Structure formats: C-alpha cells, structure tokens
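I opened my notebook on a structure that was new to me. Here is what I looked up, entry by entry, in case you would like to follow along.

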Amino acid sequence: MAFSAAGSSGPIADINVTPLVDVMLVLLIIFIVTAPLVSWPIPVDLPQPTTRQVPRVDPPPPIELRVDAANQLTWNGQALPVASLQARLQEQARLHAGNLPELRIDASPDAEYDTMAKVLAAADNARMERIAFLR
C-alpha cells in the first residue's frame with residue numbers, strides 16, 4: 001500500500017495490484033496447461049467378477065504363551081523351556097505354512113525384560129506374522 005501526502009486533504013491510499021495480476025496470470029497458465037491432461041482417459045484394469053468360489057481356510061488355533069513372574073514359559077498351559085521355543089515355533093510355521101496361527105503372549109508385569117526379548121526374538125526368527133499381547 002502506498003501513502004502520499006497530497007496537500008491538506010490527508011494521505012491517499014493506493015493499492016498496488018501488479019503482484020495480484022501476476023499471480024492470477026500464472027494460475028491461469030497452470031489451468032490452461034493442465035485442463036487437457038484431465039480430460040484424457042486413463043485405462044484401468046479392474047478385476048472381473050467370477051462365479052468360482054474360493055475355499056475358506058479356517059485359521060489354526062492360536063498359540064498361547066504365558067511368561068509368569070518367575071520367568072517360566074508355558075505353551076498352551078504346558079511348561080516349555082525358553083531355549084526350545086524357537087524350534088517349536090518353527091515347527092508350527094512349517095505345519096501351517098501360509099496360514100500361521102496367532103501368537104498370544106501373556107506376560108506378567110513382574111517378568112524380566114530379558115525373557116520377553118528372547119520370546120519376541122524367537123517369534124521373529126520363526127517368521128510369526130500375527131502376534132497379540134494380552135492384558
């Protein structure tokens with residue numbers, strides 16, 4: 001905004017519209033260039049409906065691991081040493097290839113971090129895809 005003192009009538013405020021016109025011309029050029037691009041059809045390959053029924057595979061029963069306050073591990077209620085956990089998880093992964101069971105881990109708040117780290121490392125090494133934490 002420009003101010004000028006013209007005599008005794010006070011300042012005259014003039015708005016400089018040149019930057020506004022420049023911005024509007026740039027926007028007009030952008031719209032003119034992009035308008036033809038929007039009107040061109042884009043080929044999309046959509047899936048076609050079929051009458052074939054895909055058999056549903058029931059998921060295997062979940063694996064419930066429990067780590068208690070004494071850092072003892074139980075597999076579906078049966079005691080299991082932490083050292084043999086990875087082999088057992090890999091066996092389950094081989095049995096249910098492509099349809100892995102859910103691994104549900106229930107850890108006591110008093111369990112040591114080291115034990116939980118070993119359980120999670122074993123699950124990662126066995127490529128377990130679905131892991132849930134209970135509590």
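**Ground rules.** I took helices (H or I, at least four residues) and strands (E, at least two) as DSSP runs, numbered from the N terminus. The model is predicted, so I noted that local features need pLDDT of at least 70, that side-chain atom pairs count only at pLDDT 80 or more, and that totals for chains, interfaces and linings use all residues. Residues are numbered from 1 along each chain as its sequence is written, and side-chain values use heavy atoms, with hydrogens and water left out.

**Asn71.** I began with a loop residue: Asn71 sits between strand 3 and strand 4. Its phi is positive, about 60°, although Asn71 is not a glycine. Is Asn71 buried or exposed? I call a residue buried under 20% relative accessible area, exposed over 50%, and partly exposed in between (1.4 Å probe, protein chains only). With a relative accessible area of 17%, Asn71 is buried.

**The whole chain.** I then stepped back and found 3 helices and 7 strands in the protein chain. Along the sequence they follow the pattern β-β-α-β-β-β-α-β-α-β. The radius of gyration is 34 Å, well over the 14 Å that the globule rule gives for 135 residues, so the chain is more spread out than a compact globule. For that entry, the radius is taken over C-alpha atoms, and the rule is 2.2 Å times the number of residues to the power 0.38. The C-alpha trace spans about 100 × 55 × 20 Å along its principal axes. Of the 135 residues, 21% are buried.

I also checked contacts, meaning heavy atoms within 4.5 Å. Among those between residues at least 6 apart in sequence, 62% join residues at least 24 apart.

**Helix 1.** This helix covers residues 18-39, which is 22 residues. From first C-alpha to last it reaches 32 Å, close to the 32 Å expected at 1.5 Å a residue. The expected span is 1.5 Å times one less than the number of residues. Where does helix 1 bend? I found a bend of about 25° at Val33, with a proline, Pro36, following within four residues. The bend is the angle between axes fitted to the seven residues ending at a position and the seven starting there.

**The core.** Next I looked for a nonpolar core, a set of buried Ala, Val, Leu, Ile, Met, Phe, Trp, Tyr and Cys residues joined through side-chain atoms within 4.5 Å. The largest one has 17 residues, and Leu65, Leu85, Leu89 and Leu103 touch the most other members. Strand 3 (63-67), strand 4 (73-75), helix 2 (85-95), strand 6 (103-107) and helix 3 (113-125) each give it two or more residues. Helix 3 has the largest share, 4 residues.

I followed Leu103 outward, not counting residues up to four places away in sequence. Its contacts include Ile63, Leu65, Leu89 and Ala123.

**Helix 3.** Its 13 residues should span 18 Å at 1.5 Å a residue, and the end C-alpha atoms are indeed 18 Å apart. Which residues of helix 3 are buried? They are Thr115, Met116, Val119, Ala122 and Ala123. Seen down the axis, they fall within an arc of 125°, so they line one face of the helix. The arc is that of the directions from the helix axis to the C-beta atoms. An α-helix has 3.6 residues a turn, so residues three or four places apart point the same way.

The buried residues of helix 3 pack against strand 3, strand 4, helix 2, strand 6 and strand 7 (131-133). On the face turned away, I noted the exposed residues Tyr113 and Asp124.

**After helix 3.** Arg127 lies in the loop between helix 3 and strand 7. Its phi is near 60°, a positive value in a residue other than glycine. Arg127 is exposed, with a relative accessible area of 62%.

**Two buried polar residues.** Gln92 lies in helix 2 and counts as buried at 16% relative accessibility. Beyond its neighbours within four places in sequence, Gln92 contacts Ile63 and Trp75. Asp106 belongs to strand 6 and is also buried, at 16%. With the neighbours within four places set aside, Asp106 touches Leu65, Arg66, Val67, Leu134 and Arg135.

**Gly77.** My last stop was the loop between strand 4 and strand 5 (78-80), where Gly77 lies. Gly77 is exposed, with a relative accessible area of 66%. Gly77 and Glu64 are 13 residues apart in sequence, and their C-alpha atoms are 7.8 Å apart in space.
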